[in-house]
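Visitor: Could you take me through one part of this structure at close range? I would like to look at the sheet and what surrounds it.

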Amino acid sequence: MKPEPPRPRSSFARRLVAVVALIAFGGIVALLLAEAVLRLVPIPGITYHSFYFDPVTGGTYYPNTTLIYRSAEGVEVVRHANGWGFPDVDHALAPAPGTLRIGFFGDSYTEARQVTLEDTFFRRIGHDLSARAAEFADEKNTRGEPVTRVEAISFGITGRSTLQSYLECSRWMEKSDLDVVVYVFVENDPGDQFPGIQPSDEVPLATLEGDSFAVDDSFNQRYARKTTWWHRSMQRIKANSLVVSTLEGRLKLLKRHGVKRTVTPADRAGGAGGGGVPMVPSVWPAGKADEGWELVERVLDRWHREVIADGREFIIFRVPREEVVAVPLAEQDAWAPRLHDYCARRGIPLVDPTPLFVPPMAAGEAVYHDHFTPLGHRLFAQAFVDYWLARDGR
């Protein structure tokens, strides 16, 4: 019996290519099925990683991507980043004739991803003031036009400090032709920009310099790779894929914590111990709270001067900390007393919704629940609308 002749190498190569192609096809099908399952079945902790590295502010969201919020109770809110990278509707760069444009700058309270878009305070303010535009029909916008409608725009991104909000405003104020700039102040903002308090090394920080401040943007050198086309391309894929986002998140947890039977919220937060940046001044290191507030004032001073010099209005809108809402202002372990004093000394309008929050909270109604509830947003918006309609003795 003659031995079987060896098979041609070309036949073996074709079989190998076919097997590899089959495996690749199966992998693609599996990824597509996993993507479909993750999109259809809400799973806590599963969301798109839409972060976009920004050399000015540290980061925003990839434009036109999906943002998913899931509460501990399983409530899901799906929002979308607009063409500018903020969780709001799209806005044209040039305002329509007769429009009064109000830009809101701040952190997660301004972003407001915990509620539907139409429940957010900024959308309510736009609707409510537009409906009552006749009550301030004698006003004109910065373009000299009588005001017939109000357009409220959110420039909020989670984790923003006073400095980051100022830097964002510097980029958008003239480009989007804002009439009014509103800084939404939250009690952790001073720590978010302060070296040694802010735990992240991916954001700009403020440092005292002379009688003003300097911006430490050394994060750009540390993370220069994030501006390369390769990194941008991979991030774009991740921002639009739950599977890729989930795999990346799990790999990071594995690298940081090793194999664990359970994953705690602190693990998901990056090992911050669940504390994050402190809101309470008394827990800051000795002597640092005064320095931290001095930096806030210096950033606000520059921001205020630039807005006013450009013929626009500057307003500060305070978010009260939940546990001190019913505490007299002078007795609060909070930045609020310093903020009120600063605004009074500088002549900067300060909108404080506390009087509207106290009665419903005393009656047991939920104004806060992981930021504001829809009721909280309604009351927050009402405080601003009331201020606007009552200002200048109207």
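Guide: Gladly; we will start with the sheet, move to the aromatic pairs, and finish at the surface.

A word on the basis comes before that. This is a predicted model in which local features need pLDDT of at least 70 and side-chain atom pairs count only at pLDDT 80 or more, while totals for chains, interfaces and linings use all residues. Residues are numbered from 1 along each chain as its sequence is written, and side-chain values use heavy atoms, with hydrogens and water left out.

The sheet is open and has five strands in the order S6-S5-S7-S10-S11, with parallel pairing. Strands here are DSSP runs of E with at least two residues, and helices are runs of H or I with at least four, numbered from the N terminus; two strands pair if DSSP finds at least two bridges between them. At the edges are strand S6 (149–154) and strand S11 (350–351), each pairing on one side only.

Let us walk across it. Strand S5 (residues 99–105) pairs with strand S7 (residues 180–185) in the parallel sense over four bridges, and Gly103 stands opposite Val181 in S7. S7 then pairs with S10, again in the parallel sense, over six bridges; here Val182 has Ile315 in S10 as its bridge partner. From S10 to S11, which run parallel, there are two bridges, and the bridge partner of Phe317 in S11 is Val351.

S10 deserves a pause. Five of its six residues are buried, so S10 is largely enclosed by the rest of the structure. Buried means under 20% relative accessible area, exposed means over 50%, and partly exposed is in between (1.4 Å probe, protein chains only).

Now for the aromatic side chains. The structure holds 34 aromatic pairs, counted when ring centres of Phe, Tyr or Trp (its six-membered ring) lie within 6.5 Å; planes under 30 degrees apart are stacked, over 60 edge-to-face, and the rest tilted. One of them joins Phe121 and Phe317 edge-to-face, at 6.1 Å centre to centre with 80° between the planes. Because Phe121 lies in helix H3 (residues 121–131) and Phe317 in strand S10 (residues 313–318), this pair ties together parts that are 196 residues apart in sequence. Both Phe121 and Phe317 are buried. Another pair, Trp303 with Phe314, is tilted, with 5.2 Å centre to centre and 55° between the planes. Trp303 belongs to helix H10 (residues 288–309) and Phe314 to strand S10, eleven residues apart; Trp303 and Phe314 are buried too.

Rings also meet charges in this model. Arg232 lies over the face of Tyr52, 4.0 Å from the ring centre, and Arg391 over the face of Trp388, at 3.6 Å. The test asks for NZ of Lys or CZ of Arg within 6 Å of the ring centre and within 35 degrees of the ring normal.

Finally, the surface. Val283, in the loop between helix H9 (265–268) and H10, is exposed, with a relative accessible area of 54%. The C-alpha atoms of Val283 and Asp333 are separated by 9.7 Å, although these residues are 50 residues apart along the chain. Over in helix H7 (residues 229–239) sits Ile237, which counts as partly exposed because its relative accessibility is 45%.
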